Each structure stands twice: as structure tokens, then as C-alpha cells.
Amino acid sequence: MRVLLLGANGFLGRFVADRLLADPAVHLTALGRGDDADVRFDLSGGSPGALTRFLGAVHPGVVINCAGATRGGARELTRHNTVAVATVCEALRRSGCGARLVQIGCASEYGPSQQGSSTAEDAVPRPGGPYGVSKLAATELVLGSGLDAVVLRVFSPVGPGTPAGSPLGRLAEAMRRAMQSGDGELKLSGLGVQRDFVDVRDVARAVHAASLSAAQGVVNIGTGRAVRLRDAASTLARVAGYAGALHELDASPVRGGIGSPRSESVVEHLAAPSSPYPDGCGGWQQADVRTARDRLGWRPRINLEESLADIWMEAACRI
């Protein structure tokens, strides 16, 4: 099976590439902006005609799009997340190669959810910020393209390679600094939100399964269990061996250990006060993952503690 992977250098794309390369039945070609891509091509600025010619030369059976941007202004997000997907869809239509498209979407497309609910694929999307809007527009382009296509709406991916600018990435870095300097207290904000954290390696397995399946439309990829960020912080402290106190600016202190030293505290704002978690999804989000189970034969395998241990391992290496 010939697979063309777009965005192989990104957080998700690297693990998708590893998963595909481990399959002897897959012949993988990576297209991207980096020097280590098999072919250099900027989806946000390249023309559909140029991509069509490349598709005609490679003739893939599956195209997987992990490319995109998570940060930036509305124009930048639209260029990288929406215009780029329009280019992919148009090139696939022109090429006539009949390739299946696996598009990586995100839970930010749904926007805020009711506390305690599980969001299914038929929920009406109401994105709460420009990132979710740009990704939802991309999903609509894919679904309306007439192509053999599936969109995987990934909830909150974590694990090795977690971006340092993400809430869990910032938390690990703050804990590393506190341990390095001997600070006995971490002051944190925004720990009350609850998210469905799914390991990036499980996401890669889902992408692989989707490329082999006949599933179309939207499929949620998550664990089906929301976890409070303060619980993730406590688990990370235990995994890291941090003996200090985790003090929430908006709640009572949470101990990372007993008998911790007292010294000058480190204050870490995991997000701006006006946006407790930078995805526009409010205080709660949890996936209904029955479609992934039924149509992809996929279930998550890696628990959050293992994901956090891997995040910490990378942070600790910077000490």
C-alpha cells in the first residue's frame, strides 16, 4: 500500500510515520516543509496543480494529512488548517488517483460541552476560538469533497513529544525548574478543567486503522474518560518524584509529597485567566468513542500515567 503522509514532522505526524514504517505492507512517502521530508512542499502556499502532478507520479492509495498549525492568528490558522486542506482535496479530485483521505481533525471543533456529557460525532460543532473554527472548516471541506475520506477528531493528545507550550508541557517544565532550584511549592492556575487525554501513540494506531478501513465521515479518537488537570498534575508530581506542594491559585493546596522543603515558590500560569485551557472548549470535554471501537476496531491502550511519565522523562533530560 502506497501512503502519502503530509505533516510527518509534527507532534502527531512523527508517531504516525513510525507506526506506518513498522508495517512492512506500507510504502511511505513523506511530504512536508522540512528538509527531512521525502519531498518538500508547503501546503499552505502550494498550488493544487503542483500537488496534483506529484500525486500522479506517486499514485498513493492513501493520503494522510497530519499537517497544520495549532497557534497563531486567525489568518495564519486559516492558511495552514483550512486553505491547505482545500489544496489537498482539490488535488485529489484533479488527480483521479482514487486515494483515500485520512484527515486529522480535533476536538476543538466541537467547542464547549455540558459537564458530565460524552460528545458523539453527531453533536453540533460550536468551536470557541479561531483554531477550532479553522479545523472545522477543514472538516467540512473534506466531508463535502466527494472523496473517500474520514476525519479523525482527536481529543487532547499527550505523551512523548508533547509541545512545551501546551498546558501539560508547561506543567512539566515548571516542575523541572522547581526541582532543579529546590523550590518546595508550585503555584498553578487553570487546574479545574477536565479533558479527555489520549496518548499520541494510540492516535497513531487509530490513523493506521483508519487508513485500512472503509469508515467515512467523522470518528472521535479519545479515551472516553475526562481527567481533571489537577489530577494529571498530581500524577505527574508522583511520577517525577516532586515532593513539594502543588498550590492552586483558585483552590486549596495539593500535596505532591510529605515533608517537602519550604522555600520560595514558583508561580506557573498554565493558561490565561480568561481562557482556562487554550482550546476554546470550556471546563469539560469527554469523547464518545463507540464509533472508533465499532468502525475501526480501535481502543486506547496507553494509560495517562504512562503518557505523563514519558512527558516527564523528556523534561527531566533538560536538567
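Let me begin with one cysteine, C89, which at 2% relative accessibility counts as buried. This is a predicted model, and what I say about this side chain, as about everything that follows, is computed from that model. The sulfur of C89 is 12 Å from the closest cysteine sulfur, the one in C97, and that is too far for a bond. A search through the whole structure likewise finds zero disulfides. For contrast in the matter of burial, C317 has a relative accessible area of 63% and is therefore exposed.

Let me now step back to the chain as a whole. It has nine helices and 15 strands. Its radius of gyration is 20 Å, close to the 20 Å that the globule rule gives for 319 residues, so the chain is as compact as a globular protein of that length. The C-alpha trace spans about 65 × 40 × 35 Å along its principal axes, and buried residues make up 55% of the 319 residues.

The next topic is the sheet. Seven strands form an open sheet with parallel pairing, in the order β3-β2-β1-β4-β5-β6-β11. Its edge strands are β3, residues 39-40, and β11, each of which pairs on one side only. At the β3 edge, the partner is β2, residues 27-32, and these two strands pair in the parallel sense over two bridges; there G32 stands opposite R40 of β3.

At the other end of that order, I would like to spend longer on β6, because strands of a sheet pair through backbone hydrogen bonds, either parallel or antiparallel, and here we can follow the pairing on both sides. With β5, strand β6 pairs in the parallel sense over six bridges, and C106 stands opposite V154 in β6. With β11, strand β6 pairs in the parallel sense over five bridges, and V154 stands opposite I221 in β11. V154 thus has C106 across from it in one pairing and I221 across from it in the other.

How covered is β6? Six of its six residues are buried: A149, V151 and R153 point one way from the strand, V150, L152 and V154 point the other way, and all are buried. The edge strand β11, residues 217-221, is also mostly covered, with four of its five residues buried.

R153 brings us to the aromatic residues, since R153 lies over the face of Y110, at 4.6 Å from the ring centre. The structure holds one aromatic pair. The rings of Y110 and F155 have their centres 6.1 Å apart and their planes at 40°, and so the pair is tilted. This pair links distant parts of the chain, with Y110 in the loop between β5 (100-106) and α4 (130-143), F155 in the loop between β6 (149-154) and β7 (156-158), and 45 residues separating the two. Both Y110 and F155 are buried.

Turning to the helices, I have chosen α5, residues 167-181. At 1.5 Å a residue, its 15 residues should span 21 Å, and its end C-alpha atoms are 21 Å apart, which agrees. The helix is mostly covered, with 11 of its 15 residues buried. Among the buried residues are P167, L168 and G169, and also the charged positions R170, E173 and R176. Just after α5, G182 takes a positive phi of about 80°.

A positive phi also turns up elsewhere, and there the residue deserves a second look. Most residues other than glycine have a negative phi. H59, however, has a phi near 50°, a positive value in a residue other than glycine. H59 is found in the loop between α2 (48-58) and β4 (62-65), and at 47% relative accessibility it counts as partly exposed.

I will finish with a residue in a strand I have not yet mentioned. L186 has its place in β8, residues 185-189, and with a relative accessible area of 0% it is buried. Where does the chain come back towards it? L186 and L249 are 63 residues apart in sequence, and their C-alpha atoms are 9.8 Å apart in space.

Note on methods:
Residues are numbered from 1 along each chain as its sequence is written. This is a predicted model: local features need pLDDT of at least 70, side-chain atom pairs count only at pLDDT 80 or more; totals for chains, interfaces and linings use all residues. Side-chain values use heavy atoms; hydrogens and water are left out. Rings of Phe, Tyr and Trp (its six-membered ring) pair if their centres lie within 6.5 Å; planes under 30 degrees apart count as stacked, over 60 as edge-to-face and the rest as tilted. Buried means under 20% relative accessible area, exposed over 50%, partly exposed in between (1.4 Å probe, protein chains only). A charge sits over a ring if NZ of Lys or CZ of Arg is within 6 Å of the ring centre and within 35 degrees of the ring normal. Two strands pair if DSSP finds at least two bridges between them. The expected span of a helix is 1.5 Å times one less than its number of residues. A disulfide is a pair of cysteine sulfur atoms within 2.5 Å. The radius of gyration is taken over C-alpha atoms; the globule rule is 2.2 Å times the number of residues to the power 0.38.
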